[in-house]
Amino acid sequence: MVITVKDFAYQVPTTVAAGATVMVTNTDRVAHTVTADTSGSLFDVNIDAGGSASFTAPTQPGTYEFHCVYHGNMHGTLVVS
């Protein structure tokens with residue numbers, strides 16, 4: 001599964017399998033993060049401008065909201081099945 005960051009917005013797959021590796025590709029010219037809103041930092045990854053990174057999806061099915069710590073207007077939802 002791949003999350004793409006483009007034009008300061010997340011393009012997220014419909015669902016991701018529990019415990020799957022999630023790739024994040026950043027096509028913007030600035031760094032972004034994919035940081036879980038839930039306390040305990042279920043996932044928190046920094047993606048350099050034009051770069052990519054990965055994280056492990058939570059092992060419990062559910063809906064997980066996330067944001068970019070650098071850009072307060074960027075929000076997304078990861079659905080884990």
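Helices (H or I, at least four residues) and strands (E, at least two) are DSSP runs, numbered from the N terminus. The model is predicted: local features need pLDDT of at least 70, side-chain atom pairs count only at pLDDT 80 or more, and totals for chains, interfaces and linings use all residues. Residues are numbered from 1 along each chain as its sequence is written, and side-chain values use heavy atoms, with hydrogens and water left out.

**Exercise 1. The chain as a whole**

Task: State how many helices and strands the chain has, and compare its radius of gyration with the globule rule.

Solution.
Step 1. The chain has eight strands and zero helices. Read from the N terminus, the order of elements is β-β-β-β-β-β-β-β.
Step 2. The radius of gyration is 11 Å and the globule rule gives 12 Å for 81 residues, so the chain is as compact as a globular protein of that length. The radius is taken over C-alpha atoms, and the rule is 2.2 Å times the number of residues to the power 0.38.
Step 3. Along the principal axes, the C-alpha atoms fill a box of roughly 35 × 25 × 15 Å.
Step 4. Of the 81 residues, 37% are buried. Buried means under 20% relative accessible area, exposed over 50%, and partly exposed in between (1.4 Å probe, protein chains only).
Step 5. About 4300 Å² of the chain is exposed, and carbon and sulfur atoms supply 50% of that area. Such areas come from the Shrake-Rupley method with a 1.4 Å probe; for residues, only the protein chains shown count as cover.
Step 6. Among contacts (heavy atoms within 4.5 Å) with a separation of 6 or more, 44% are between residues 24 or more positions apart.

**Exercise 2. The largest nonpolar core**

Task: Which residues have the most contacts inside the largest nonpolar core, and which elements give two or more residues to it?

Solution.
Step 1. A nonpolar core is a set of buried Ala, Val, Leu, Ile, Met, Phe, Trp, Tyr and Cys residues joined through side-chain atoms within 4.5 Å.
Step 2. The largest such core has 20 residues, and those with the most contacts inside it are I3, Y10, V24, V34, F43, F55 and L78.
Step 3. Two or more residues come from each of strand 1 (2-6), strand 3 (21-26), strand 4 (32-36), strand 5 (44-47), strand 6 (52-56), strand 7 (62-67) and strand 8 (75-80).
Step 4. Take V24 as an example: beyond residues up to four places away in sequence, V24 touches I3, V5, V34, V45, I47, G51, S52, A53 and F55.

**Exercise 3. Aromatic pairs**

Task: How many aromatic pairs does the structure hold, and which residues do ring pairs link into a cluster?

Solution.
Step 1. Rings of Phe, Tyr and Trp (its six-membered ring) pair if their centres lie within 6.5 Å; planes under 30 degrees apart count as stacked, over 60 as edge-to-face and the rest as tilted.
Step 2. There are three aromatic pairs in the structure. One of them joins Y10 and F66 edge-to-face, at 4.7 Å centre to centre and 75° between the planes. This pair links distant parts of the chain, with Y10 in strand 2 (residues 9-11) and F66 in strand 7, 56 residues apart.
Step 3. Y10 is buried because its relative accessible area is 12%, and F66 is buried at 0%.
Step 4. The ring centres of F43 and F55 are 4.8 Å apart and the planes are at 20°, so this pair is stacked. F43 lies in the loop between strand 4 and strand 5 and F55 in strand 6, so the pair ties together parts twelve residues apart in sequence.
Step 5. F43 has a relative accessible area of 3% and is therefore buried; F55, with 8%, is buried as well.
Step 6. Ring pairs link Y10, F43, F55 and F66 into a cluster.

**Exercise 4. T33, M23 and H71**

Task: Is T33 buried or exposed, and which side chain makes a polar contact with that of H71?

Solution.
Step 1. T33 lies in strand 4 and counts as buried because its relative accessibility is 4%.
Step 2. A polar contact is a pair of N or O atoms within 3.5 Å; within protein, one must be able to donate a hydrogen and the other to accept it, and residues adjacent in sequence count only if both atoms are side-chain atoms.
Step 3. The side chains of T33 and T35 make a polar contact at 3.0 Å. A polar atom of the T33 side chain also lies 2.9 Å from the backbone nitrogen of V69.
Step 4. M23 is in strand 3 and counts as partly exposed at 34% relative accessibility. M23 and S54 are 31 residues apart in sequence, yet their C-alpha atoms are 4.3 Å apart in space.
Step 5. H71 is in the loop between strand 7 and strand 8, and its side chain makes a polar contact of 3.1 Å with the side chain of H32.
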